[in-house]
Amino acid sequence: MTDRSRVKQWRRGAGILAMAAGAALLPFPVQAQQSPEFAYPAEKWASLRDNRLEYEEIADLVHEYNNTVLQNHIAYQDERDKNKDDVAQDYYDTADDIYNNIQYPDADDSNYGGQMASALNSRLQAEQLMERGDESTEDSETIKLGYDQTEANLVRQAQQLMIQYWNQYYSLDSLRQKKGQAENSYQSEQNRLAAGTSTQAKVLSAKEAVSSADAALLSAESNLEKTKESLTLMLGWSYGSEVEIGELPNPDPAQIEAIDVEADIEKALANNYNLKLTERRLKNARTEKVKSTQEQKQKNQREAIATHVKDSYTSLVLARANYEQAVQAFELERTSLDSAERKLAAGTITRNDYQNQQTSYLTAEVDVRTKKLAFLTAMVEYQWAVDGLASAS
């Protein structure tokens, strides 16, 4: 193992304090990971343990190092053999304990009213627990499905955060541009004031614009760091770690042409975590009332999932169109900027005209990046809808 790998291995351990309530602090250095060493080739472990985050590593990083996933993995070890009767029996046993400890007061007790109210409340609590036992549909499989769903949602959240990071990063260019423009305007007003063609009020207004632009830039830089911190913490890095954020994948507009929405709806129905949970609970139903409820829920969920996939596809097509339009607009602005550079060199336009064209070009460039990330987000959301996270309600 390289020194760099050891550093990251220690860093991940430092971010995990306790895996369950009452657990002692883990020793350092420690390899806080879920899978055994032979689960991946050495090259992949090395990549996961370096201090560079790649988009395609997110799912594995969540699985191996996310604190919630690790805690769920530990909790499941005590639940993996439970069947529906075991879970129901937990309710029944608790209810029996309450029944056995109920003490009804004598009529002549001084606090008869309060004691009787307490006894009746305990009895009601026990009855509710017995009812929950009758209605229980949980077993080790539903517990595992819930944990798998949590992990999938964490992967999606991390992917969204990485896209958000780059969106915020690209927006800094626009804010820096606005700050530069404000500073140029402020300088121009000062020059005009010195020449007697401006006023002190206009100079102060231009100065305030600089301060406002500077504050907006500082706020955006702070938000960028917060997003990065949230992302790296959920992937196993400790607070304050120096992590390099890799580039995002490029969305391919041609991929949309290969999508078969109806086929993807069937995949989404087969993969959906909520629907799987409902189907399992229907199988575990003890009463006709619970069975009827789960059957209706199953029907509603299938309809909702199909609708979500269709809506996600519509959003994806729209995002692609917006991205392609932004690319076309950017190419036009690039052509115009090339022309403006030649005209400036020939002295046929002013420096101010050239700067205006340069601003338009930079604005179009930022718009392309923004629309590209929106397109990527739509692709990610559509894929997750197919892969099990389509809304079922």
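**Notes on a mostly helical model**

1. Buried residues make up 38% of the 393 residues in this protein. Please keep in mind as you read that the model is a predicted one. The accessible surface amounts to about 22,000 Å², and carbon and sulfur atoms account for 49% of that area.

2. For the overall layout, you will find 12 helices and two strands. Followed along the sequence, they come in the order α-α-β-α-α-α-α-α-α-β-α-α-α-α. The radius of gyration is 30 Å, well over the 21 Å that the globule rule gives for 393 residues, so the protein is more spread out than a compact globule. The C-alpha trace spans about 105 × 60 × 50 Å along its principal axes.

3. A word on contacts: taking those with a separation of 6 or more, 77% join residues 24 or more positions apart.

4. Helix H9 (residues 261–271) is a good place to zoom in. Its buried residues are Val261, Asp264, Ile265, Ala268 and Leu269. Viewed down the axis of H9, these fall within an arc of 145°, so they line one face of the helix. The general background is that an α-helix has 3.6 residues a turn, so residues three or four places apart point the same way. The partners that the buried residues of H9 pack against are helix H10 (273–284), helix H11 (288–346) and helix H12 (351–389). Where H9 starts, a side-chain oxygen of Asp260 comes to within 3.3 Å of the backbone nitrogen of Glu262.

5. Next, have a look at H10. This helix has 12 residues, and the distance from its first C-alpha to its last is 16 Å, close to the 16 Å expected at 1.5 Å a residue. Its N-terminal end is capped by Asn272, with a side-chain oxygen 3.1 Å from the backbone nitrogen of Asn274. The buried residues of H10 are Tyr273, Leu275, Leu277, Thr278, Arg280, Arg281, Leu282 and Asn284. Their cover includes helix H5 (84–101) and helix H7 (140–195), along with H9, H11 and H12.

6. Finally, a single residue to check on your screen: Glu54, in the loop between strand E1 (52–53) and helix H3 (58–65). Is Glu54 buried or exposed? Its relative accessible area is 19%, and the cut-off for buried is under 20%, so Glu54 counts as buried. The side chain of Glu54 makes a polar contact with the side chain of Arg52, at 2.4 Å. Leaving aside residues up to four places away in sequence, Glu54 touches Met162 and Gly246.

Terms used
Residues numbered from 1 in each chain as written. Predicted model: local features only at pLDDT ≥ 70, side-chain atom pairs only at ≥ 80, totals over all residues. Heavy atoms only, no water. Helix = DSSP H or I, 4+ residues; strand = E, 2+ residues; numbered from the N terminus. Buried < 20%, exposed > 50% of the residue type's maximum accessible area, 1.4 Å probe, protein only. Polar contact = N/O pair within 3.5 Å; in protein donor to acceptor, adjacent residues only side chain to side chain. Contact = heavy atoms within 4.5 Å. Arc of directions from axis to C-beta. Rg over C-alpha atoms; globule rule 2.2 N^0.38 Å. Areas by Shrake-Rupley, 256 points an atom, 1.4 Å probe, with all protein chains shown as cover. Expected span 1.5 Å × (residues − 1).
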